[in-house]
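This report describes one protein model, element by element. The sequence and the structure come first.

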Amino acid sequence: MKPTMIISTYPNKISITKIANQLIENKIIACVNITKISSIYSWNDKIENTTEYLAIFKTTQKNKKTLKEKIKETHPYQVPEIAEIAVSSINSSYLKWLADSTS
């Protein structure tokens, strides 16, 4: 069983909380960390300076494809960030919890 993390940013806490609860209920993810961030980026030829919410979804390799699809189909952004972070090392008790929570 291999762990993976997927990150994405959301415009508000409501949008990420809704999808996070669904993903946990359906055992696609074990958990998600959500934190408020400041983002500066180019969009439609303008520099945007906004507050967003960074979500770090924690799941397993077997669920990552489903997770990415769910993020894409439920995300409020036209072009959502869906970035995978490879986990090369994780403590065994956390990995067991992660596996148990997503199966």
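## The β2-β3 hairpin

In this predicted model, strands β2 and β3 form a hairpin with two residues between them. Asn44 sits in the turn and has a positive phi of about 55°. The two strands run antiparallel and are joined by 13 bridges. Within this pairing, Thr35 stands opposite Leu54 in β3.

## The sheet

The hairpin belongs to an open sheet of four strands, in the order β2-β3-β1-β4, with antiparallel pairing. β2 (31-43) and β4 (83-86) are the edge strands, each pairing on one side only. From one strand to the next, the twist averages 30°.

Strand β3 (residues 46-60) also runs antiparallel to β1 (residues 3-10), and eight bridges join the two. Here Met5 stands opposite Lys58 in β3.

## Helices on the sheet

Helix α1 (residues 13-25) packs on the sheet and touches β1, β2 and β3. The direction of α1 makes about 15° with that of β3. Helix α2 (residues 61-74) lies across β1, β3 and β4, and runs at about 145° to β3.

## Helix α1 in detail

How far apart are the end C-alpha atoms of α1? They are 18 Å apart, which agrees with the 18 Å that its 13 residues should span at 1.5 Å a residue.

The buried residues in α1 are Ser15, Ile16, Ile19, Ala20 and Leu23. They cover an arc of only 120° around the axis, so they lie on the same side of α1. An α-helix has 3.6 residues a turn, so residues three or four places apart point the same way. The cover over the buried residues of α1 includes β1, β2, β3 and α2. On the face of α1 turned away from the buried side are the exposed residues Ile14, Lys18 and Glu25.

## The ends of α1

Asn12 caps the N-terminal end of α1, with a side-chain oxygen 3.3 Å from the backbone nitrogen of Ile14. Just after α1, Lys27 takes a positive phi of about 60°.

## Ser101 in helix α3

Lys27 appears again in the surroundings of Ser101: leaving aside residues up to four places away in sequence, Ser101 touches Lys27, Ile29 and Ala30. Ser101 itself is found in helix α3 (residues 92-101). The side chain of Ser101 reaches the backbone oxygen of Trp97 at 2.9 Å.

Note on methods. Residues numbered from 1 in each chain as written. Predicted model: local features only at pLDDT ≥ 70, side-chain atom pairs only at ≥ 80, totals over all residues. Heavy atoms only, no water. Pairing = 2+ DSSP bridges. Axes fitted to C-alpha atoms, helices over the stretch in contact; angles between N-to-C directions. Contact = heavy atoms within 4.5 Å. Polar contact = N/O pair within 3.5 Å; in protein donor to acceptor, adjacent residues only side chain to side chain. Expected span 1.5 Å × (residues − 1). Buried < 20%, exposed > 50% of the residue type's maximum accessible area, 1.4 Å probe, protein only. Arc of directions from axis to C-beta.
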